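Hi,

Here is the structure I said I'd pass on. Have a look at it first, then read on for what turned up.

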Amino acid sequence: MTLAPYTLSDLRPAVAAAIRAPSLHNSQPWRFQLRHGGIEVRVDPQRQLPACDPSGWAARMGCGAAVFNLRLALASAGTPARVRLRPYPEDPDVVARLVPDRPRPATPTERELYAAVTRRHSNRRPFWPTPVPPEARWRLVEAARAEDGWLELVIGAAPVQALAEVVRGAHRVLERDRDYQAELARWVRLDAAVDGVPATAGGPAAEPQDLLPQRAFGVRTRAPGRDFEPEPLVAVLGCAGDHPRDQVAAGQALQRVLLTAAAEGLAVSMLSQPIEVPAAREQLRLALGRAGVAQMVMRIGYGQPGWPTPRREVAEVIDAAGVPIGAPSAVALGA
Ligand SMILES: Cc1cc2nc3c(=O)[nH]c(=O)nc-3n(C[C@H](O)[C@H](O)[C@H](O)COP(=O)(O)O)c2cc1C
């Protein structure tokens with residue numbers, strides 16, 4: 001059976017979904033291109049964060065999350081994709097190539113997760129004390145597993161305290177890193193912008209009693225007594241290895257967990273400080289005592305609905321076929 005190649009009319013709506021993916025400081029480190037009938041996703045080196053993400057881990061996680069959204073959009077349109085991660089050893093910036101698979105209707109899960117793409121937002125505000133029920137916890141764990149990852153739910157006061165101490169330690173290390181802080185500050189947006197984190201999307205000002213340190217994206221006042229939930233559901237996402245390919249795969253697993261949470265009406269905030277500080281990541285590994293590598297820490301619960309942060313236009317992140325990266329290719333494609 002000959003499969004029809006992907007075209008621009010497949011690419012555009014799929015990219016519209018892909019760019020809703022999360023990325024470190026909303027840096028949106030991705031580019032998309034139609035090539036030989038497939039869709040290729042590349043890390044955009046111009047959008048990698050030299051101080052906050054020197055190894056490119058976060059850029060690959062964000063691109064992996066975008067790949068997962070692409071897959072959902074294509075499947076929901078009845079044109080599912082087969083995916084190869086890092087298909088060209090000589091061109092490692094290409095993190096994934098998606099080629100058409102046999103057409104079939106989208107599964108109920110694909111439809112449900114696709115519908116959640118525009119409803120998923122990072123929520124850094126305090127959550128309500130309502131516990132996350134067992135069925136929802138199970139779904140989150142299964143979501144990670146479906147993408148060859150794992151999700152460890154940290155249960156009990158002592159383990160949560162131990163993990164929080166690791167997060168706080170990593171947060172302190174990063175707070176002392178001037179280059180890191182200067183770069184972070186450059187991604188905080190006080191006015192309208194197409195990228196970066198709007199100050200309004202930041203959490204409330206930190207206080208000493210907080211269990212988990214939120215990143216400060218602008219300072220928001222905090223009503224007296226408006227504390228964070230005392231017993232948050234904290235989860236660690238991980239996967240088997242930590243090669244660049246594993247990190248792209250982990251980004252897909254992350255996005256599947258985040259969209260499953262959104263579909264369950266759950267709010268999530270990400271805390272990547274302990275992944276970014278090697279010593280903290282090692283402490284995390286020892287504390288979890290499981291095989292594999294931690295790729296993200298999350299706080300999960302019920303809260304007020306969040307709201308979308310900005311993204312660049314679809315046309316701005318698509319490269320026309322044959323146009324080298326960095327060239328103003330989007331003009332040729334239009335909106
Ligand atoms: C690899 C990675 C690391 C992140 N680390 C953090 C973090 O430590 N703290 C935080 O508040 N948000 C973190 N985020 C979330 C981003 O800030 C967020 O995705 C981005 O601002 C876009 O907002 P949205 O998730 O609401 O679409 C991270 C996201 C990714 C993909």
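Salt bridges first: there are 21 of them in this predicted model. Three are worth pulling up on screen, and there is a small network to look at as well.

Start with R42 and D91, which form a salt bridge whose closest N and O atoms are 2.8 Å apart. R42 sits in strand β2 (residues 38-43), while D91 is in the loop between β3 (81-85) and β4 (94-100), so the bridge ties together parts of the chain 49 residues apart in sequence. As for exposure, R42 counts as buried at 18% relative accessibility. That is under the 20% cut-off for buried, whereas D91, at 22%, counts as partly exposed.

Next, go to R139 and E264, another salt bridge, with 2.9 Å between the closest N and O atoms. Here R139 comes from helix α4 (residues 134-146) and E264 from the loop between α7 (244-263) and β9 (267-271), so this pair ties together parts that are 125 residues apart in sequence. R139 is partly exposed, with a relative accessible area of 21%. E264 is partly exposed too, at 27%.

Then there is R299 with E229, where the side chains meet in a salt bridge at 2.6 Å, N to O. This one also links distant parts of the chain: R299 belongs to strand β10 (residues 293-301), E229 to the loop between β7 (197-198) and β8 (233-239), and the two are 70 residues apart. How accessible is R299? R299 has 2% relative accessibility and counts as buried. Its partner E229 counts as buried as well, at 8%.

The network is made of R31, D44 and D319, which are joined by salt bridges that share partners.

On to the cysteines. How many disulfides does the count give? The count comes to zero. Take C52: the nearest cysteine sulfur is that of C63, and it is 17 Å away. A disulfide needs the two sulfurs within 2.5 Å, so C52 is in none. C239 is in no disulfide either, and for C239 the nearest cysteine sulfur is again that of C63, 16 Å away. What about exposure for these two? C52 counts as buried, at 5% relative accessibility, and C239 is buried with a relative accessible area of 5%.

Last, the ligand. There are 22 residues around it, and the ones that come nearest are R120, S122, R124, S272 and R311. One of these, S122, has an N or O atom in its side chain that is 2.6 Å from an oxygen atom of the ligand. R215 also uses its side chain, with an N or O atom 2.9 Å from a ligand oxygen. With S23 it is the backbone instead: a backbone N or O atom lies 3.3 Å from an oxygen atom of the ligand. How much of the ligand does the protein bury? Taken alone, the ligand exposes 620 Å², and the protein buries 99% of that.

If you only have a few minutes, I'd go to the R299 and E229 bridge, where both residues count as buried, and then to the ligand with S122, whose side chain has an N or O atom 2.6 Å from a ligand oxygen.

Cheers

Technical notes:
Residues numbered from 1 in each chain as written. Predicted model: local features only at pLDDT ≥ 70, side-chain atom pairs only at ≥ 80, totals over all residues. Heavy atoms only, no water. Salt bridge = Lys/Arg side-chain N within 4 Å of Asp/Glu carboxyl O. Helix = DSSP H or I, 4+ residues; strand = E, 2+ residues; numbered from the N terminus. Buried < 20%, exposed > 50% of the residue type's maximum accessible area, 1.4 Å probe, protein only. Near = heavy atom within 4 Å. Polar contact = N/O pair within 3.5 Å; in protein donor to acceptor, adjacent residues only side chain to side chain. Areas by Shrake-Rupley, 256 points an atom, 1.4 Å probe, with all protein chains shown as cover.
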